[in-house]
Amino acid sequence: MAGQSPAPGADLEVCGQADSAAAALAGMTATRPPSAIIDLSLKGGSGLDLIKDLRRICPATQVVVLSMHEEIYFIERAFRAGARGYVTKRDSTERIVEAIRPCWQARSTPRRCAGQLTERMVGHTATKQPGKRELLSDRELEVFRRLGEGQGTRKISEDMGVSMKTVQAYSARIKEKLGLANVSELVREAVRWVEAKQNS
């Protein structure tokens, strides 16, 4: 129709997609796209690990995270891993397209998180004690999230591409850092956290 504005992203082209970290890394290594949209939750690995690998292997590819996670520590971890943008699955298509255009300069964050993130990044809250979950490493947080979603040790090991012993080691460190006595307490705490996120 004459005079009609082009659809958001009409000037962009999808050159590939993958549902696992390994397939995504292989595809992007082959195609070297200028931009990549990465979910933090992937089969066979962590989105944060994928971002780190991509920054090392394909440094020219600008990464934007598209995630269900809106907590500030997920956003910070994504940026530390090498992401240049962060949008949530609640954001509009226009917002997502705005974040992935190769000409953008500034980091993109959920609007209600942007002020808080800026404050944290310039150190205004450096004197505050971090929450216990912020003490978890990226891999430990991934295991914690998956436990809260009802995944067992075998499923977690398969999806993350690590051994069951490794998952058990992560779980032990999580229990220690969160001050939990046993696996039952760990699972209950993880489930409460995931449910709270879903209801927020």
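**Notebook: cavity lining and helix packing**

I sorted the residues lining the largest cavity by class and recorded four nonpolar, two polar and three charged. I note here that the model is predicted.

**Entry 1, the cavity.** I looked up how many cavities of 30 Å³ or more the structure holds, and the count came to one. I then took the volume of the largest cavity, which is about 70 Å³. For the lining I listed Leu40, Ser46, Leu48, His69 and Phe74, together with Asp138, Leu141, Glu142 and Arg145. I also asked which helix gives the most to this lining. I found that helix α6, residues 138-148, does so, with four residues.

**Entry 2, α6 against α7.** From the cavity I followed α6 to helix α7, residues 153-160. I recorded an angle of about 130 degrees between the two, with the axes 10 Å apart. I therefore entered α6 as oblique to α7. I noted the crossing of α6 past α7 as right-handed. On the α6 side I listed Arg139, Glu142, Val143, Arg146 and Leu147 as making the contact, and on the α7 side Ile156, Asp159 and Met160. I sorted these residues into four nonpolar and four charged, with no polar residue. I marked Glu142 twice, since this residue of α6 makes contact with α7 and also lines the largest cavity.

**Entry 3, α7 against α8.** I next looked up how α7 packs on helix α8, residues 164-178. I recorded an angle of about 110 degrees and axes 8 Å apart. I therefore described α7 and α8 as roughly perpendicular to each other. In α7 I found Thr153, Arg154, Ile156 and Ser157 meeting Met164, Val167 and Gln168 of α8. By class I counted three nonpolar, three polar and one charged in this contact. I noted that Ile156 of α7 takes part here and is also listed in the contact with α6.

**Entry 4, α1 against α2.** I turned last to helix α1, residues 21-31, and helix α2, residues 47-57. I read that their axes come within 11 Å and cross at roughly 20 degrees. I classed α1 as roughly parallel to α2, because an angle under 35 degrees counts as such. I recorded that α1 passes α2 in a right-handed crossing. I listed Ala21, Ala24, Leu25, Met28 and Thr29 from α1, and Leu50, Asp53, Leu54 and Ile57 from α2, as the residues making the contact. I divided them into seven nonpolar, one polar and one charged.

Methods. Residues numbered from 1 in each chain as written. Predicted model: local features only at pLDDT ≥ 70, side-chain atom pairs only at ≥ 80, totals over all residues. Heavy atoms only, no water. Axes fitted to C-alpha atoms, helices over the stretch in contact; angles between N-to-C directions. Parallel < 35°, antiparallel > 145°, perpendicular 65-115°, else oblique. Left-handed = near helix turned anticlockwise from the far one by under 90°. Contact = heavy atoms within 4.5 Å. Nonpolar A, V, L, I, M, F, W, Y, C, P; charged D, E, K, R; others polar. 1 Å grid on protein atoms, 1.4 Å probe; cavity = no way out; pocket = protein on both sides within 12 Å on 5 of 7 lines; lining within 4 Å. Points joined across faces, edges and corners; volume = space filled by probe spheres on them.
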